[in-house]
Amino acid sequence: MVVDRRTLEALDFGRVRERVVAATRSARGRATAEELLPFDDFERVRVEQSRTSAVRDLVAGADLYILPAIDTAELTQAAAVGRSLAPADLRAIGETIAACAAAYQSVRECVELTPVIAPYTPLRDVQRAVLEAIDERGAVLDRASPALGRIRRSLAQANADARERVSAILKSAKYAKAIQDSVVTIREGRFVVPVKAEFSGALPGIVHDTSSSGQTLFVEPLAALETNNRVRTLRIEEEREVQRILEELSQRVGTQAAAIEANVDMLAAVDVLVAKAQVARSMDATAPFLSDDPCIVVERGRHPLLGERAVPQSLALDATTRLLVISGPNMGGKSVALKMVGLLVAMTYCGMHVPAAVGTTIGRFECAIADIGDEQSIADNASTFSAHLKRMREMLERAGGRTLVMIDEIGGGTEPTAGAALAIAMLERLLESGARAIVTTHATELKLFAHATPGVANASVRFDPDTFAPTFALDVGAPGQSLAFPLAHALGIDPPIVERAQQLLDTRERDYESALAELSMHNAALQVQRERLEAERADAAVERDRLQRDRSAFESQRRAFGEKADERVGQALRDFVRELERRQAERGANARAKVTASQSALLAQTLDAIHRDLGIAPEVPDASDAGGVFEPGDPVYLPSLNQRGTVAEDYGDTVLVAIGPMKTVVKKSETQRVSAASLDRARDRLGERRLEPSGAAARLTGATRTPAELDVRGKRYAEAEPVVERWIDEATLAGNTPLRLIHGKGTGMLGRGLQEYLRAHPSVKSVRYGNENEGSSGVTIVELQ
């Protein structure tokens, strides 16, 4: 095994596994989760990680939920050998088959789970037969068979007849003195009359029971014997039919026993994956990156069993740092860090996500082995130190380039100097083997060894520099203090004793502790400053995100303003078209429509209103007041339209200005000459491109280029009507006629609806379907006024 059972026990992996077990919904899924162990094959680990990620996405989207299901193994085996199953057992099998089907339907589109669900076999017939025959309480329903329904209807009528016959006897004055209680009673499935014991012979019948006191006899009257016999006969028939139904259903289950078991196995596998996903979600876990190198990179990892109390810790074991020596005071978090690494590796190899930040990497190891805790055994005559030595021997024998070793308090349990020397020798052997290792210690010799040896790094658990309370954070790169003397002070040890203890320290040891204390204080201060800077950076990131959201909101408002302006211009164009129609009607049918000064003024007023609504000032180019004589081709600016144009003709007080293909007569007082320098700057800004018309001018230009054909096939009438309306308005403005509207044949509703609309349009002269060469009934030909 990659991680042996002894290591899993030392890491408390069983408690992590219990969370997966608790999250399962099926009996076989629970049993499978209880046997969850790290996989030996690293490629299998990759597959399981991808499956957990895929299922986690499904669970997050509420697309996957496992229904409760029993373990059907014993029941299907019994049915397969011909045994008849109880109604409740059959119902449970039917619900389990339904749970398998629901799980399959939920994940069948998930590519990662294709091999998992491949053994599934649809068993809809068996499921339907069982669930329609037996209800949730395990009772066989009347609809289980036609015969059962008929028998039960007859039985209900027979019961009513028997009750009515006995009730009539109870109400009879002839037997009033003999009756103990006027209540119809049932004994042994037969309707009886409670009779006083002293009147035992007064009512002819058969005694079926007596009361506990002996004062009452329960007598079946002879007059009710026939009806009671009828009830009894029907009950026997009902029992036989129910038994036949159960045997038939059991036979169907037995026939499909192998398929049912394969489906339940599939359900168990999916159930465990869902449980892993739910545990990952509860831990706010992430999918680790899997590396082929023997390495571990933990980014803000949290011990999975500490919940919200866990302090994030980061560390790395790779080609640069192959061995990490963690030191610091007791109860400071050294063992927590050690177990956290071991649990993250074990969880990864079980296909579980790990409680750590994105970027956490777990490499390919062939062996992960730990020595944590006190393993003293009186029965085996083994002390703590000897137990540790045996475990160390096993580690050294298995050590290799893909081995991960985790040792808590290495070299402890014996004389400190000898223990430290032995620990250093063992660590040197681990380095020679190429193994990766994390060890914890209090020994100064090991801290110095880590500082002086390439490939080995110190790490320490941080403490508060003022209160000396542990923070449980891990600092890589600096050794930790034992804090024996500060803790003695804090716990109330007599100060002279503490001072004497400091004097008894070797001078070199005392100097080392003093330097280490100063270094630790400085490192703690730096870490506090670093955390403050990270918090400020996080605040800056939040502020940046807020500014980006505000910018996006502003951009959305700007687009909304633009759409509002576009709508206003569209309305202005429709008003403009109606004005053209009115003036054309005044001049006569043959008069040519032109854009007049009053129409230009109307557009100018509309544009000014748009600018006021949106708070936008129109962009005005460098221009000079118009005056004198214009030559054809002179560029001018029309403030009323906020457009540039070119003079076509000079009429004295007015000029004919071309705006694209549209021409309009404008007073000279309403025009401005555009300087050559202004045009050059405009060309420079637009890269020698033609100035794009905006607002009303774009609509006017588009109107003159309106196509004579419009295709609205595939649209509903509500969608096509506004498109056709705009097309007709623009065609009227451009003078295009006739027009060809393609609506298709289909049901004919779209064509008829649009023709009704066009006949009522003031700009339309006539409407007809196309000829054979024009598209027949799928096309409407429109003649404009």
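# A guided tour from helix α5 outward

Begin by selecting helix α5, residues 73-80, whose buried residues are Leu75, Thr76, Ala78 and Ala79. Looking down the axis of α5, one finds these buried residues within an arc of 160°, so they line one face of the helix. The model on display is a predicted one.

Now turn α5 to its other side, where Glu74 and Gln77 are exposed. To see what the buried residues of α5 pack against, add helices α6, α10 and α11 (257-283) to the selection. Just after α5, select Gly82, which takes a positive phi of about 100°.

**The α6 and α10 pair**

Keep α6 (residues 87-107) and α10 (residues 225-255) in view and hide the remainder. Two packed helices are described by the angle between their axes and the distance between the axes. For α6 and α10, the angle is about 40° and the axes lie 11 Å apart. The crossing of these two helices is left-handed.

Display side chains at the contact. On α6, select Pro87, Leu90 and Ile93; on α10, select Leu246, Leu249, Ser250 and Val253, which the α6 residues meet. Sorted by class, the contact of α6 with α10 comprises 6 nonpolar residues, 1 polar residue and no charged residues. An α-helix has 3.6 residues a turn, so residues three or four places apart point the same way.

While α6 is still displayed, select Glu95, which is placed in this helix. Is Glu95 buried, partly exposed or exposed? Its relative accessibility is 35%, so Glu95 counts as partly exposed. Add Pro68 next: Glu95 and Pro68 are 27 residues apart in sequence, and their C-alpha atoms are 8.2 Å apart in space.

**Two aspartates with positive phi**

The next stop concerns backbone torsions. Most residues other than glycine have a negative phi, and most peptide bonds are trans. Select Asp12, in the loop between α1 (5-10) and α2 (13-23). Although Asp12 is not a glycine, its phi is positive, about 65°. Asp12 is partly exposed, because its relative accessible area is 29%.

Then move to Asp284, which is placed in the loop between α11 and β5 (289-291). Asp284 is not a glycine either, yet it has a positive phi of about 55°. With a relative accessible area of 56%, Asp284 is exposed.

**Cys350 and its surroundings**

Select Cys350 in the loop between α12 (334-349) and β9 (361-363). Cys350 counts as buried because its relative accessibility is 0%. Which residues does Cys350 touch, not counting residues up to four places away in sequence? They are Phe13, Leu36, Leu37, Pro38, Phe39 and Lys276. Draw a distance from Cys350 to Pro38: the two are 312 residues apart along the chain, while their C-alpha atoms are separated by 4.3 Å.

For another cysteine, select Cys110, which counts as buried because its relative accessibility is 11%. A disulfide is a covalent bond between the sulfur atoms of two cysteines. With a cut-off of 2.5 Å between cysteine sulfur atoms, the count comes to 0 disulfides.

**Thr403 at strand β11**

Continue to strand β11 (residues 403-407) and select Thr403, which is placed there. Is Thr403 buried or exposed? Thr403 is buried, as shown by its relative accessible area of 3%. Leaving aside neighbours within four places in sequence, display the residues in contact with Thr403: Phe365, Cys367, Arg398, Ala435 and Arg436. For Cys367, add a C-alpha to C-alpha distance to Thr403; the value is 4.8 Å, with their positions 36 residues apart in sequence numbering.

**The whole chain**

Finally, clear the selection and show the entire protein chain. How many helices and strands does the chain have? There are 23 helices and 24 strands. Colour the 785 residues by accessibility, and buried residues make up 45% of them. For a view of the contacts, consider those between residues at least 6 apart in sequence: 68% of these join residues at least 24 apart. The pair Cys350 and Pro38, 312 residues apart along the chain, may be revisited in this view.

How values were computed: Residues are numbered from 1 along each chain as its sequence is written. This is a predicted model: local features need pLDDT of at least 70, side-chain atom pairs count only at pLDDT 80 or more; totals for chains, interfaces and linings use all residues. Side-chain values use heavy atoms; hydrogens and water are left out. Axes are lines fitted to C-alpha atoms, for helices over the stretch in contact, and angles run from 0 to 180 degrees between N-to-C directions. Helices (H or I, at least four residues) and strands (E, at least two) are DSSP runs, numbered from the N terminus. A crossing is left-handed if the near helix is turned anticlockwise from the far one by less than a right angle, and right-handed if clockwise. Contact means heavy atoms within 4.5 Å. Ala, Val, Leu, Ile, Met, Phe, Trp, Tyr, Cys and Pro count as nonpolar, Asp, Glu, Lys and Arg as charged, and the others, Gly among them, as polar. Buried means under 20% relative accessible area, exposed over 50%, partly exposed in between (1.4 Å probe, protein chains only). The arc is that of the directions from the helix axis to the C-beta atoms.
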